[in-house]
Amino acid sequence: MSTLQVALNNITISLPMPIFLVIEDVGWWQGADGSADKQPFRTGFTRRHCLDDYRALDRLGKKLHMRVALGMVLGEWGRTNLLKDIAGATWLGSGWDNHINQGKWLDETARYLYNHQDTLEIAMHGLCHEFWQDGLMDRSEFHDSNGTMRSEQILRSHLEAFGTLLAHNNLPARPRLFIPPALHHSFGNGKKSMQALLHGYGIDYVVTDFSRARQYGPTPA
Ligand SMILES: [Zn+2]
């Protein structure tokens, strides 16, 4: 289904369809939508997530003959509660305690992702998807709902924490793709843009709906 085939003088030419599947909000261990309680929306699942969810994503990629990008939120992968020191990262602030999400599933799923990089590509989505100030949730983690970028200091601390969570879990190396949480984003702002910052962390591609982003300048040709 993912390939167009054209027969011509006994020669068959196969053209892959120009589709790149991106699945966001991967990485939560808890499924519950916590938005009524100032927590993340998560996936809305009524159970916890587990390794089998990643096996299903791998099967999907294989059936599509496609490497699937996983827009990951890594906040619940913390083994050392490091997010308590990252401003705005969680609804609990300095009281952040991730022990409920620390278990054997971290190692087994990290190993699975490491061994299935041909079908599952880790992309950065965020730590906990939103931004919290004085315990109140504000959409979203890197830009507000008007497409105004949060401070460079905040962004750097969140990007570095994402990298630390990848390393602490022995997950595949730095991602090359970023998917803005809630599609709140901006571009065209030159050296002040998030793109410039992301580039410094090895992330050169942003996958989003640009019509919903704040545009400081025209879209580059
Ligand atoms: Zn999302």
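Which residue stands opposite leucine 70 in β4? Select isoleucine 23 to find out, since it is isoleucine 23 that stands opposite leucine 70 in that strand. Keep in mind throughout this tour that the model is a predicted one.

**The whole chain**

Begin with the complete protein in view, coloured by secondary structure, where 4 helices and 11 strands can be picked out. The radius of gyration is 19 Å, close to the 17 Å that the globule rule gives for 221 residues, so the protein is as compact as a globular protein of that length. Turned along its principal axes, the protein has C-alpha atoms that fill a box of roughly 70 × 45 × 30 Å. If you colour by burial, buried residues make up 29% of the 221 residues. Among the contacts between residues at least 6 apart in sequence, 70% join residues at least 24 apart.

**Strands β3, β4 and β5**

Next select β3, residues 22-26, together with β4, and you will see two strands that pair in the parallel sense over 4 bridges; the pair from the opening question, isoleucine 23 and leucine 70, belongs here. Adding α1 to the selection completes a right-handed β-α-β unit made of β3, α1 and β4.

Now keep β4, which covers residues 68-73, and add β5, which covers residues 120-126. These two strands run parallel and are joined by 6 bridges, and within the pairing valine 68 stands opposite leucine 120 in β5. To follow the chain from one strand to the other, add helix α2, residues 104-115, through which the chain crosses from β4 to β5 in a β-α-β crossover that is right-handed. Both strands are mostly covered, with 5 of the 6 residues of β4 buried and 7 of the 7 residues of β5 buried.

**The nonpolar core**

From these strands, move to the side chains of the largest nonpolar core, which has 33 residues, and select Leu70, Met72, Ala123, Leu127 and Phe162, the members that touch the most other members. Then show the elements that each supply at least two residues of this core, namely α1 (51-64), β4, β5, α3 (152-168), β8 (177-178) and α4 (194-200). Of the contributors, α3 gives the most, with 5 residues.

Centre the view on alanine 123 and display its surroundings, leaving out residues up to four places away in sequence: on one side of the list are Ala69, Leu70, Gly71 and Met72, and the remaining residues that alanine 123 touches are Pro175, Leu177, Phe178 and Ile179.

**The loop between β4 and α2**

Finally, go to the loop between β4 and α2 and select aspartate 85, which lies there. Is aspartate 85 buried or exposed? Aspartate 85 is exposed, because it has 12 other C-beta atoms within 10 Å. For a sense of distance, draw a line from aspartate 85 to alanine 213, which is 128 residues apart from it in sequence and 29 Å apart in space, C-alpha to C-alpha.

Alanine 87 has its place in the loop between β4 and α2 as well, and with 16 other C-beta atoms within 10 Å it is partly exposed. Leaving aside neighbours within four places in sequence, alanine 87 is in contact with Ile154 and Ser157. As a last step, select serine 145, which is 58 residues from alanine 87 along the chain, and note that the C-alpha atoms of the two are separated by 19 Å.

Technical notes
Residues numbered from 1 in each chain as written. Predicted model: local features only at pLDDT ≥ 70, side-chain atom pairs only at ≥ 80, totals over all residues. Core = buried A, V, L, I, M, F, W, Y, C linked by C-beta atoms within 7 Å. Buried ≥ 20, exposed ≤ 12 C-beta atoms within 10 Å, placed from the backbone. Contact = placed C-beta atoms within 7 Å. Rg over C-alpha atoms; globule rule 2.2 N^0.38 Å. Pairing = 2+ DSSP bridges. Right-handed = clockwise from strand over helix to strand, strands pointing away.
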